[in-house]
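Work through the exercises below with the sequence and the model open side by side. Each task is followed by a solution that proceeds step by step.

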Amino acid sequence: MEKICRRLALDPTPKKVFNRMNEKSCYICGKKKLSKDEVGITRKLIDKNTKYFYCYNCLAEYLEVDIDFLLIKVKEFKEEGCTLFK
Ligand SMILES: [Zn+2]
């Protein structure tokens, strides 16, 4: 833990700025650095303009579906060329 903190402290600032602009974390469990797919599927299934994002685990629980279902949906949306996944 101590090592991780030290490493974070040494991180250069530009990365932090980048993170603040682009990084989403899970509204439920706080998982950081949600993937584009996780952000995209949340937008697609919840609301395009949602302020809250979910990781696969929490989104599956929230919607009462399997994670596999979400992964299949992501694949389908991508194949449709959905812009939320670009
Ligand atoms: Zn989560």
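**Exercise 1.** In this predicted model, decide whether Lys86 is buried or exposed, and state where Lys86 lies relative to helix 5.

Solution. Begin with the neighbour count: Lys86 has 8 other C-beta atoms within 10 Å, and a residue counts as exposed if that number is 12 or fewer, so Lys86 is exposed. Next, place the residue along the chain, where Lys86 belongs to the segment after helix 5. Finally, look for its position relative to Lys36: these two residues are 50 residues apart along the chain, and their C-alpha atoms are separated by 7.8 Å.

**Exercise 2.** Compare the span of helix 5 with the expected value, and say what the backbone does just after this helix.

Solution. Helix 5 runs over residues 67-80, which gives 14 residues. From its first C-alpha to its last it reaches 20 Å, close to the 20 Å expected at 1.5 Å a residue. Moving on to the position just after helix 5, one finds Gly81 with a positive phi of about 80 degrees.

**Exercise 3.** Describe how helix 3 packs against helix 5, and list the residues that make the contact.

Solution. First take the geometry: helix 3 (residues 36-45) and helix 5 pack at an angle of about 90 degrees, and their axes are 10 Å apart. Because angles of 65 to 115 degrees count as roughly perpendicular, helix 3 is roughly perpendicular to helix 5. Then take the residues: helix 3 contributes Asp37, Gly40, Ile41 and Lys44, while helix 5 contributes Leu70, Lys73, Val74 and Phe77. Sorted by class, this contact of helix 3 with helix 5 has four nonpolar, one polar and three charged residues. As a closer look at one participant, Val74 is in contact with Asp37, Gly40, Ile41 and Phe85, once its neighbours within four places in sequence are left aside.

**Exercise 4.** Which residues of helix 3 are buried, and which residues form the largest nonpolar core?

Solution. Within helix 3, the buried residues are Glu38, Gly40, Ile41 and Thr42, and what covers them includes helix 4 (56-63) and helix 5. The largest nonpolar core has 10 residues, namely Cys26, Leu34, Ile41, Phe53, Tyr54, Cys55, Tyr56, Leu59, Leu70 and Val74. Helix 4 and helix 5 each supply at least two residues of this core. For the chain as a whole, 16% of the 86 residues count as buried.

**Exercise 5.** Find where Lys33 and Glu64 lie, and determine for each whether it is buried or exposed.

Solution. Start with Lys33, whose phi is near 55 degrees, a positive value in a residue other than glycine. Lys33 sits in the loop between helix 2 (13-22) and helix 3, and it counts as exposed because it has 12 C-beta neighbours inside 10 Å. Turn then to Glu64, which is not a glycine and yet has a positive phi of about 55 degrees. Glu64 is found in the loop between helix 4 and helix 5; with 7 other C-beta atoms within 10 Å, Glu64 is exposed.

**Exercise 6.** How many helices and strands does the protein chain have, and what pattern does the chain follow along the sequence?

Solution. The count gives five helices and zero strands, and reading along the sequence yields the pattern α-α-α-α-α. As a last step, consider the contacts with a separation of 6 or more: residues 24 or more positions apart account for 46% of them.

How values were computed:
Residues numbered from 1 in each chain as written. Predicted model: local features only at pLDDT ≥ 70, side-chain atom pairs only at ≥ 80, totals over all residues. Helix = DSSP H or I, 4+ residues; strand = E, 2+ residues; numbered from the N terminus. Expected span 1.5 Å × (residues − 1). Axes fitted to C-alpha atoms, helices over the stretch in contact; angles between N-to-C directions. Parallel < 35°, antiparallel > 145°, perpendicular 65-115°, else oblique. Contact = placed C-beta atoms within 7 Å. Nonpolar A, V, L, I, M, F, W, Y, C, P; charged D, E, K, R; others polar. Buried ≥ 20, exposed ≤ 12 C-beta atoms within 10 Å, placed from the backbone. Core = buried A, V, L, I, M, F, W, Y, C linked by C-beta atoms within 7 Å.
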